[in-house]
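Welcome, and thanks for taking a look at this one. Please have the sequence and the 3D view open side by side as you read.

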Amino acid sequence: MALWNKKPVSKEVIKDLCSRFRIDPVSASIFARRGITEGKDIMYFLENDLRFQHSPFMFKDMEDAVDRILAAKEEGEKVLIFGDRDVDGISSTTILYECLKEMEMDVQWSIPTGDEAYSLSNQVIDAFAAKNGTLIITVDCGITSQEEVAYAAEKYIDVIITDHHNPGENLPEAIILDPKIKDSGYPFRDISGAAVAYKLTQALRFTKSELYKEDICLMNVLPVNEAYTIECIKLRNLAVKDRLFETIIPGTVDISRTKLLPFLNGQQIFVWDERVVKKQLSRIFGNGIEFNLMDLQQEISNLIPSVSGKSLLALKDLSKIAFYSEQPSTEIEGFYNLFVSFVQKKNAKIFPEDVKAEQKDLQLVMLAALADIMPLKNENRIFIKKGLSAINEGQTRPGLNELLALLNMTGKKLTATDISWNVTPVLNAAGRLGQPALAIKLFLAETVKERSVIAEKIIALNNERKRIMAEVMLFAEKAARDSLSKYDNKLCIVIDERIPRGVTGLVAQRLAKELDVPAFTVAFLETGTCVGSVRSARGFNAPVFLSQFDDFFLDYGGHDASAGFNFERSKLEEFLQKLERLSQTIELEKENSKVFEVDAELPAQYMTADVMNIVDNFEPFGMENEPLLFMSKDLKIADVQIMGKTEKQHLKITFDCGKNKWPAMFWGEAQRYHRDFEKEDRLDVLFHITRNLFNGMETPQLILEDLKNSVSKA
């Protein structure tokens, strides 16, 4: 019997969360049980403003990447965007291509088709060199392409790498934007390749601003007893570069002996209320020192009227970012947050076309995050919320709009789960069956007619992908089970001529889930190479394990839970022997017995439509943010129906919760009626809460995970 586990949480913790973040007790208990108790994490559940994303210029190499692209534009150079063939690569390629076209650059794109190798190749470089190309920008790939980047340099081609995969031991000699490399500068490592490409486009658009590459200092002066504290934050491209806090007693220190002068050297100095700041500086250093200050108070107040007439002391507590900070709010941090918001609003007003382009980009970033199963935390939540809101508000980008229409997904409120189950697999099918260019053309085509025709082709490819998968799984599962004993039940592997390379990842994913061990799938190419995919289970780190085969892989890489590799077919036996030997060293987490982790208990009186607001705050659901699992006890049954004509029938139970009746679906569990309970019984139930759309009407419903008879539950 499954275990229902509701972790105990202290009333003090719940009370503290309710007070600090102004949330209801149920939400507070869910956060506490999930170990989400810091403001910097809770912020991304309660907010959806793009202001909460990280600055693109936090990437150490971002300014270099931008300047190289601007130089290419200035010189009229030919630029190639080279991407991967999956949804992430397709989205990345589209995002950057559209941006460079907006900049009127000579740009083209390329991705592997058919049985071409993943990642950058010498053949691609040769073809581009023949066209007199001079700059390649990789998207969602390239971080392990040391040899190819070196080969490109021999052809006088520069390379900018934008990727999000785990790096190898040595990095290519290139400008690199990858949050997973050491000292990347970026504070969140788990964004998609499309998000990295989007960050690059953000930075490129920021170059229109008068503040690009300007060194700026925000200054504030605070009286502290008989002394004054000078607070400064140094910025470049809105990213914080340095901070200074210096407390000085007037008349005791010559300014030349302070840290202030070298800190301010070469900076524009912005202040809030120049008159007050100059007066305080005169008290500190005397009237003989002249500071060249720029007062921002009026300009910011004109654009953000709510701050007009307020001091920094009053403004520091109005900052939402400061609200979620674990540290006490300071005036200079409040000034910084206000300044960044001001610049972003100002640029949006001056360049409204960039706001529209960003909205289109974010829908692709959303697709990539969901398709690549990125953790649904930090700024990934903002990306997905923004992408979904644009679609649900009727502002779907070209290409995606036509695809959704053909999938009968327009006219209802879509969730991340809807996109993950119904949209990203369809787009991925184009790459899996060797035609990824179709998906890019879908997003770039100029007319509705063109896009609709392409969308129909992609849907047809997905239907073909389903047929192929059904055929492959007929023999793959047996072969995988038979392989377990050879590898000490630590992994399974399927190697077969009948497996198309495009479905190796899907097959491995299915097998890893079915057998609960890491799964390898290997296909053969006409080029004389083997190409494989591995999917993780029970804590297995795929790229780390594959690194042990570095001596004869042609290429490999990926994420912790999924990776790909290829090698010469002549080395197949050597690969299998080494795999068998190394399988003995694998340590897997214990097999999971069925344990349901309960997020919150809802008594019958709390079962109202308002609970959907709580669910909405925790959307989107996915990797590292599973759908909320609620528990209710002693619910009265109003009705029970058995549904379905197949062998696996379903239960529809209506619960009487006083003022409200709740419909609940228990999929494939019709046999439990009369066996575990009768209509007269009361039930304890575990459930998710979803929306059901029927005849244009949207109503909440429960999806049951388990149930117990309340009377006999002892």
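This report walks through a pocket, two groups of strands, one buried leucine and some backbone angles. Keep in mind that the model is predicted.

Let us begin with the second largest pocket, which holds about 1100 Å³ of space. Its lining counts 41 residues, and those nearest the centre are Thr144, Glu148, Leu554, Asp555 and Tyr556. Helix H6 (122–130), helix H7 (146–154), strand S14 (529–535), helix H23 (542–546) and strand S15 (555–558) are the elements that each give two or more residues to this lining. Sorted by class, the lining has 15 nonpolar, 17 polar and nine charged residues.

Next comes the region around strand S2. This strand spans residues 78–83, and five of its six residues are buried, so S2 is largely enclosed by the rest of the structure. S2 runs parallel to strand S3 (residues 106–110), joined to it by five bridges, and leucine 80 stands opposite glutamine 108 in S3. To get from S2 to S3 the chain passes through H5, in a β-α-β crossover that is right-handed. S2 is also joined by five bridges to strand S4 (residues 135–139), again in a parallel sense. Here glycine 83 stands opposite valine 139 in S4.

The connecting helix H5 covers residues 87–102, 16 in number, and its first and last C-alpha atoms lie 22 Å apart, close to the 22 Å expected at 1.5 Å a residue. H5 is mostly covered, with 14 of its 16 residues buried. Just after this helix, glutamate 104 takes a positive phi of about 60 degrees.

Further along, strand S20 offers an antiparallel arrangement. Six of the eight residues of S20 (residues 650–657) are buried, so this strand is largely enclosed by the rest of the structure. Strand S19 (residues 630–643) pairs with S20 over seven antiparallel bridges, with aspartate 639 opposite threonine 654 in S20. Six residues separate S19 from S20 in their hairpin, and glycine 644 in the turn has a positive phi of about 100 degrees. S20 is likewise joined by seven bridges to strand S21 (residues 660–666), with the strands running antiparallel, and leucine 651 faces phenylalanine 666 in S21 as its opposite residue. The hairpin of S20 and S21 has two residues between the strands, and the phi of glycine 658 in the turn is positive, at about 85 degrees.

Is leucine 579 buried or exposed? Leucine 579 has a relative accessible area of 0%, under the 20% cut-off, so this residue is buried. Leucine 579 belongs to helix H24 (residues 572–583). Its C-alpha is 9.8 Å from that of isoleucine 493, although the two residues are 86 apart along the chain.

Finally, some backbone angles deserve a look. Most residues other than glycine have a negative phi, and most peptide bonds are trans. The table lists some exceptions.

| Residue | Backbone angle | Place |
|---|---|---|
| Lysine 213 | phi near 65 degrees | loop between helix H8 (193–206) and strand S7 (215–224) |
| Aspartate 273 | phi of about 75 degrees | loop between strand S10 (268–271) and helix H10 (274–285) |
| Proline 620 | omega near -5 degrees, from glutamate 619 | loop between helix H25 (611–618) and S19 |

The peptide bond from glutamate 619 to proline 620 is cis. As for lysine 213, this residue is partly exposed, with a relative accessible area of 32%.

Notes
Residues are numbered from 1 along each chain as its sequence is written. This is a predicted model: local features need pLDDT of at least 70, side-chain atom pairs count only at pLDDT 80 or more; totals for chains, interfaces and linings use all residues. Side-chain values use heavy atoms; hydrogens and water are left out. On a 1 Å grid over the protein atoms alone, a cavity is a set of points where a 1.4 Å probe fits but cannot get out, and a pocket is an open set with protein on both sides within 12 Å along at least five of seven lines; lining residues have an atom within 4 Å of a point. Grid points are joined across faces, edges and corners, and a volume is the space filled by probe spheres set on the points. Helices (H or I, at least four residues) and strands (E, at least two) are DSSP runs, numbered from the N terminus. Ala, Val, Leu, Ile, Met, Phe, Trp, Tyr, Cys and Pro count as nonpolar, Asp, Glu, Lys and Arg as charged, and the others, Gly among them, as polar. The expected span of a helix is 1.5 Å times one less than its number of residues. Buried means under 20% relative accessible area, exposed over 50%, partly exposed in between (1.4 Å probe, protein chains only). Two strands pair if DSSP finds at least two bridges between them. A crossover is right-handed if, with the strands pointing away from the viewer, the path from the first strand over the helix to the second runs clockwise.
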